[in-house]
Amino acid sequence: MPAYLTRPAGDSKLPGLLFIYEVYGLTKEMQRVANDFAAAGYAVLIPDLFKRGSWFSCVRKCMADLKAGQGRNVQDLLDARQWLITRDFADPNHIAVIGFCLGGAFALVLAKTGLFYVAAPFYGYAPERLDGACPIVASYAARDKTTVPDFAKIKNEVQRLNIPNDLKLYPDVGHNFMNHPPNPVLGFIGSIAPIHGGYNAQAAADATERVLRFLRTHM
């Protein structure tokens, strides 16, 4: 499976981030966001889950695996983690998972595996229960009506289970506020859809700082 790897230059051991992209796939924007986290001192790996077949068939399979909490895509992500921690430049004792939209949902599934020190979901669907989850730093958008209930679900679960967390619902932004849409047409569709999608520089900067601070604390 192809993947995108980005990291700072040098020979020192780096904490690792398994990065799971949004539903549009491995776009230049996903690479840009990954580069930003790499610049902060992380080895970031984005496995390209959509290389298994057509975009539609891959998305459909991803949704089925998310519903089941297991399956080919979950195993692909765990295999990507295993590949990352065996690299000379990666510290196997400091591995986190971050995801956006579809990837945010997978990040929450992987949070329960016991294999990650931190999970950082962005506006992803949440499983019903988070038993066994690692510390969670979650960033959601109040104008994204499709995932606001998932934010509430995560909040209830971290309180029930006493999971270390930093949860924030950004009041004036919509879905994918962390990144620009792949093209103007999709950007327009997202802006008028219930997700009210659109990049917001202020929210993106704040969320990035929160995630980095949480990683430093818990990794």
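## A tour from the sheet to a helix pair

Begin by selecting Leu14 and Ala90, because strands here are DSSP runs (E, at least two residues, numbered from the N terminus, as are helices, H or I, at least four): Ala90 in strand 4 is the bridge partner of Leu14. This is a predicted model, in which local features need pLDDT of at least 70 and side-chain atom pairs count only at pLDDT 80 or more, while totals for chains, interfaces and linings use all residues. Residues are numbered from 1 along each chain as its sequence is written, and side-chain values use heavy atoms, with hydrogens and water left out.

Extend the selection to residues 14-20 and 90-100, which are strand 2 and strand 4, running parallel and joined by 6 bridges; two strands pair if DSSP finds at least two bridges between them. Now show the whole open sheet, whose 7 strands follow the order 1-3-2-4-5-6-7 with mixed pairing. Strand 1 (3-6) and strand 7 (165-170) stand at the edges with a single partner strand each, so one side of each has no neighbour in the sheet.

Next select helix 4 (residues 102-111), which lies across strand 2, strand 4, strand 5 (118-122) and strand 6 (136-141) and runs at about 135 degrees to strand 4; angles run from 0 to 180 degrees between N-to-C directions, with axes fitted to C-alpha atoms, for helices over the stretch in contact.

Finally add helix 2 (residues 55-68), which packs with helix 4 at an angle of about 30 degrees, their axes 10 Å apart. That makes the two helices roughly parallel, a term for angles under 35 degrees. Where they meet (heavy atoms within 4.5 Å), select Cys62, Met63, Asp65 and Leu66 in helix 2 with Leu102, Ala105, Phe106 and Val109 in helix 4.

Note on methods: Angles under 35 degrees count as roughly parallel, over 145 as roughly antiparallel, 65 to 115 as roughly perpendicular and the rest as oblique.
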